[in-house]
Amino acid sequence: MSNMIISNLPVLVVLLPLAGALFCPVISYFSRRAGRLTVIAFAGTSFVLSVVQLLRITDVGKISYHFGGWEPPFGIEFSLDSLSAVLLVLISGTGFVSTIYSLPFFRGKSRFRSFGYYSVLSLLICGLLGMTSTGDVFNLYVFLEITSLSGYALIAMGGDKGVLSSFRYLMIGTIGASFYLLGIAFIYGETGTLNMYDMSGLVGPVLSSGTTMVAMAFFVVGFGIKMALFPLHGWQPAAYTNAHPGAAPLIAGVMGKVPAYAMLRFFFYVFNANTQYVERFLVVVGIMSALGMIYGSLKAIRQTDFRSMLAYSSIAQIGYVGLGIAITGYYGLMGAVIHIIGHSMMKSCLFFCSGAIRYRYGETAMERFGQIYRKMPVTCAAIVIAALSMVGVPPLAGFFSKWYLALGAANMGEYIFIFVLVISSLLNAVYFFRLFENMFMNKNVADGSKGIGAYLAVKAEKKAERDSVPFKEMAATKEGYKGRLEIPPAMLFAVIVSALGIILAGLFNAQLVEILGPAIREVV
Amino acid sequence: MDAVNIFLAEKGIYMLTVILFFLGMFGMAVCGNYMKKLICMNIMQVAVIFFFLCLGEKDGGTIPVAMEGAAGADDYVNPLPHALMLTAIVVSLGTSGVGLALLMRIKEKFGSIEEEDIIEKEKGEEADEQHDYQ
């Protein structure tokens, strides 16, 4: 039995969330709570198995899983090395924590809402895991679409504005996916294979041909749209801002990073990045990323809404990943991968916190966070940890990715990239310290009253006057949560786990680099 | 004239599909109506499907079923692009379905699916919200 599980690990990790998505509606028919717990159980099992798989890969090296016993160039293959195994742990972990975090949002909601959300969330996890494990370019497209479709649904669940931004994202996202599909057509016409490993062997002689160049350009556009690389980011701020607060951590934290990882796979594991033909594309990616790092940070400074500030900061942060890919070399790639991991944790942590604040106070505007640390100390501590990591304070996760990127850029003599890196980090500091100022020092909120509690009381009073509803009732509905802890335990768990993740990813960075090392050294 | 014929026979169909693809994208960019945008999106996806199907086509090839008289791979069209496109058609069906569902919600909420009206409504709402906070 355990032997069978071990040999089928790669597919089980992906299949379990899918099974959760399918079982959830059926079980919800009998009990909504059991339906939600099913999804959590399946996501949790998937997380445990992905950890087992990572341990196994550090022992035995690469794993290749052939579906239905068809040998790779003909059949579909899941190919896993330490790089994808680490990302699988990250994705299933964040997914698992998100499923727990979403629980309070659905307490007492209708059956349809509850299982709809949980099924789609589970599908999103399945799609992201599949994108990371697959070794087949068309299979990647299918998982990309599973991810996108569930992403559209989750963004649309965030309310009226969410529906609109979801529709716009659907338009642009489909263009991205179509470009990727066209890219597959070109590269398939040129090499006659869909298997990534097989393709990397066959693509060498045709690398200089126009067809391959077009395919590569299409891949850059397709993945660029999906990961919101600077000039292709138009859909992203509204989508991240208006997504359902329970799913926003997964969407903002992980959904943008997996296409970046796929781009890295294509450039370095399928096409050989060390040839002059590919380098041209890397230069383009580098310029886009560098511009995005500055643009995203500048726009983030101007935002007043916590969530949209985080969304614009994501445009800057995905630039770091692109920069690492463009720098190439061992350190550049290591920086990119560590930033994918670190930033996923930081952004999910910040979105967990913003969702928690919104859950308790219904507020997302930063200027009204005055003195909030008195009411929500743990959440604020998590925000501080994540924000400091974002700025790049050692020994948190964010410091190490920047360190490796700077090291890589120095090795390659790309000093302009170091300059951009430093400027962007300083801008990061500007907008996060402004957030701190609002959280800890801002005493005067709105009407000169003190702290967010007082502000809400005043606001509720005004609204009560206007709508002629008894004030007490109004105030009670506004401050929605009346528990012993600052936020429901499920949310507190998510906030604490993600903050701990950031600290641990920083402290055990050497071990992380050691695990990732062999997979990256293979291509440089 | 021969040169033109050869060019059209070799690449004409690809040119047409690429024109169709960008026609779809152009439509998505310029149409003000969300329903039309969705239709243009479908046109774009169909263009990609055509492109794949042309790729599998071959002169004198027959359907990929084992039969007498057809000896080797040269006698059959490549079935793989067709198989891939079956999946892509399902995906595009799913995308259209989600798009239509979203459109219904937009129509419910904003009372229109014209981009101009919706942008105006959005602006009005933002002003309302700010008024609410003050």
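A residue is called buried when its relative accessible area is under 20%, exposed when it is over 50%, and partly exposed in between, as judged with a 1.4 Å probe and the protein chains only. With that cut-off in hand, A:Ala228 is a good place to begin: its relative accessibility is 0%, so it counts as buried. The model is predicted, so local features are reported at pLDDT of at least 70 and side-chain atom pairs only at pLDDT 80 or more, while totals for chains, interfaces and linings use all residues. Residues are numbered from 1 along each chain as its sequence is written, chains are lettered from A and ligands numbered from 1 in the order in which they are written, and side-chain values use heavy atoms, without hydrogens and water.

Consider chain A as a whole. Chain A has 23 helices and four strands, where helices (H or I, at least four residues) and strands (E, at least two) are DSSP runs numbered from the N terminus. Its radius of gyration is 23 Å, which agrees with the value near 24 Å that a compact globule of 524 residues would have. This radius is taken over C-alpha atoms, and the globule rule is 2.2 Å times the number of residues to the power 0.38. Along the principal axes, the C-alpha trace of chain A spans about 75 × 55 × 40 Å. Of its 524 residues, 63% count as buried. Among contacts in chain A with a separation of 6 or more, 77% join residues 24 or more positions apart; a contact means heavy atoms within 4.5 Å. The accessible surface of chain A is about 18500 Å², and carbon and sulfur atoms own 66% of that area. Such areas come from the Shrake-Rupley method with a 1.4 Å probe, and for residues only the protein chains shown count as cover. Chain A also carries 37 positive and 24 negative charges, whose mean positions are 11 Å apart. Here Lys and Arg count as positive and Asp and Glu as negative, with His and the chain ends not counted; each charge is placed at NZ of Lys, CZ of Arg, CG of Asp or CD of Glu.

Helix H15 of chain A deserves a visit of its own. H15(A) covers residues 329-361, and its 33 residues should span 48 Å at 1.5 Å a residue; the end C-alpha atoms are 47 Å apart, which agrees. The expected span is 1.5 Å times one less than the number of residues. Since 29 of these 33 residues are buried, H15(A) is largely enclosed by the rest of the structure. Just before it comes a loop between helix H14 (306-327) and H15 of chain A, and A:Thr328 is found there. A:Thr328 has a phi near 55 degrees, a positive value in a residue other than glycine, and it is buried, with a relative accessible area of 13%. At the other end, H15(A) is followed by A:Gly362, whose phi is also positive, near 65 degrees.

Other backbone details of chain A can be found in its loops. A:Ala228, already met as a buried residue, lies in the loop between helix H9 (210-227) and helix H10 (236-242). Its phi is near 65 degrees, again a positive value in a residue other than glycine. Further along, the peptide bond from A:Pro394 to A:Pro395 is cis, with omega near 5 degrees. A:Pro395 sits in the loop between helix H17 (377-391) and helix H18 (397-412) of chain A. Within a helix, by contrast, is A:Ser148, placed in H6 (residues 137-156) of chain A. A:Ser148 counts as buried at 2% relative accessibility. Its C-alpha atom is 7.9 Å from that of A:Leu124, although the two residues are 24 apart in sequence.

Chain B makes its own picture. Chain B has four helices and zero strands, giving the pattern α-α-α-α along the sequence. Its radius of gyration is 23 Å, well over the 14 Å that the globule rule gives for 134 residues, so chain B is more spread out than a compact globule. Its C-alpha atoms fill a box of roughly 80 × 40 × 20 Å along the principal axes. Of the 134 residues, 31% count as buried. One residue to look up is B:Lys37, in helix H2 (residues 34-56) of chain B. B:Lys37 is buried, with a relative accessible area of 8%. Leaving aside neighbours within four places in sequence, B:Lys37 is in contact with A:Met171, B:Met28, B:Ala29, B:Cys31 and B:Glu115.
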